[in-house]
Amino acid sequence: MHKPGNADETDVRSRTRDEVRKRFADGAQYIAGRLTRGTSGRTHTVVDPSTGAEVYTYETAGAEDVDRAVAAARAAFPGWSGATPGERSDALHRFASVLADRAEEFARLESLQCGKPLKLTREFDVPGTIDNTAFFAGAARHLQGQSAGEYSGDHTSYVRREPIGVVGSIAPWNYPLQMAAWKILPAVAAGNTIVLKPAELTPLTSLLFAEAATEAGIPDGVVNIVNGTGKEAGEHLVGHPDVAMTSFTGSTAVGRRVAEIATAGVKRLHLELGGKAPFVVFDDADLEAAVQGAVAGALINTGQDCTAATRAYVQRPLYEEFVLRTAALMESVRLGDPFAPGTDLGPLISHAQRDRVAAFVDRARASARVVTGGEVPGGDLADGAYYRPTLVADADQDSEIVQSEIFGPVLVVLPFDDDDEGIRLANDTPYGLAASAWSRDVYRANRATREIKAGCVWVNDHIPIISEMPHGGLKASGFGKDMSLHSFEEYTQIKHVMFDNTAVAEKDWHRTIFGDR
């Protein structure tokens, strides 16, 4: 455990907080290239989850602010969609360069508002965002349709891919910077303009991201940020008549509400929702590698990750040893100040989320074994939203802790006997976002990748993502893809263009319809 309050760490935190208040003194809405204050008449306070201290209070967005942001995006659309792919690509390459120059600023700000260890934001969140920006800078030059051909008599046909219009996106609080990038980059690379609503808890790096876009020369109104509640700002954005597409990442329950509003307006819809990722360990697996992978996969971002390893199914010959080793490794994980270099795990996003996670574990005690963790630490960490890494064993497959998304540092381990049972249990939830299979047998692993119903199945690893490959789920985990060219194409619409290569008077269909005249 690392005690908060070291002089150097306190100084970095204090300076970062002062920078936030100065930088966003004009408000937390970024519309048409400038910061403004929200007009809802209400405020929200960003809290440092590692200490409970206030960081920044802002006026939240109301319907009027959403209307202004959508109007700005709509006004910017003709110019931005009319730019050449090369011009959009050049702007995004400049954007990636600006992000790289300001990487440390982004890393500190993300750690402050989320409680993420600074080493995680420096080594994962920010570099991943820069890489994603560079990827979509290249993708902007590959907005391709289908080559021309004669498919019907004397007609020449081809397919155009065109931008959709104004995109209204809603991002979650677990990866604010990366989710802003995943929403904004493919949309603008394809020629759309966007209004993004981040989570109320974590508005800061999304604002900084939009500022960096302006600094890179992306025109005013292409990227707009509104910070308000989901009920007020979010629902108004999704239902706005000038918003042509909605992209949402968050819980399945809220995703259903977003879908209800969006489909009423017949909008294009992209949903990346909850997950309950299975981690299937067959009896020929490298046990030590699987234990390391389980702890890393379960505790990444304090377990606040929809692809996190949450259900480990271990074939019975390895089960007890897996439980013992995993518990021991979890107990070595260092909780502490996110700004301390020795910290492995920070707090949850809020005290409310910590209490929610604790309640899941407490309810499970009646029918399952809490092997390690399962408690709120006291002492120097008592003021933060910390919860110890927790391993739960022997739960029932149908129990709440196995079936429901917890979104915290909790891993549940269950045994299975044969391969059929392991795959069946892995598929036995409403979700289908991610999974992993652990085996030295390529045929066994290949069967698992084929039969496990998830948008991504890792083999002998859990959690890595890359810009070139798609991320998205099946079943109650939603539909649509983030990252990759698959994501890029989701932000386009297809148009069939057909040329008649002969005079209309010579056409048989003309005589068929109108007869000889």
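Biologist: Where is Ala32 found?
Modeller: Ala32 sits in the loop between β1 (29-31) and β2 (34-36); strands here are DSSP E runs of at least two residues, helices are H or I runs of at least four, and both are numbered from the N terminus. This is a predicted model, where local features need pLDDT of at least 70, side-chain atom pairs count only at pLDDT 80 or more, and totals for chains, interfaces and linings use all residues. Residues are numbered from 1 along each chain as its sequence is written, and side-chain values use heavy atoms, with hydrogens and water left out.

Biologist: What's the phi of Ala32?
Modeller: Near 55°, so a positive value in a residue other than glycine. Most residues other than glycine have a negative phi.

Biologist: Is Ala32 buried or exposed?
Modeller: Ala32 counts as partly exposed, at 35% relative accessibility. Buried means under 20% relative accessible area, exposed means over 50%, and partly exposed is in between (1.4 Å probe, protein chains only).

Biologist: And what about Thr302, which isn't a glycine either?
Modeller: Thr302 has a positive phi of about 55°. Thr302 lies in the loop between α10 and β13 (309-315), and counts as buried at 3% relative accessibility.

Biologist: Switching to cysteines: how many disulfides?
Modeller: Zero, taking a disulfide as a pair of cysteine sulfur atoms within 2.5 Å. For Cys114, the nearest cysteine sulfur is that of Cys306, 14 Å away.

Biologist: Why no bond for Cys306?
Modeller: Because the closest cysteine sulfur, in Cys456, is 11 Å away, which is too far. Cys306 counts as buried at 11% relative accessibility, and Cys114 is buried with a relative accessible area of 3%.

Biologist: OK, helices. How do α14 and α15 pack?
Modeller: α14 (residues 419-427) and α15 (residues 442-451) pack at about 30°, with axes 10 Å apart. That makes α14 roughly parallel to α15. Axes are lines fitted to C-alpha atoms, for helices over the stretch in contact, with angles from 0 to 180 degrees between N-to-C directions; under 35 degrees is roughly parallel, over 145 roughly antiparallel, 65 to 115 roughly perpendicular and the rest oblique.

Biologist: Which residues meet there?
Modeller: Asp419, Asp420, Ile423 and Asn427 in α14 meet Arg444, Arg447, Ala448 and Glu451 in α15, with contact meaning heavy atoms within 4.5 Å.

Biologist: Last one: what does Phe282 touch?
Modeller: Leaving aside neighbours within four places in sequence, Phe282 contacts several residues, including Asp419, Arg444 and Ala448. Phe282 is in the loop between β12 (277-281) and α10 (287-299), and counts as buried at 1% relative accessibility.
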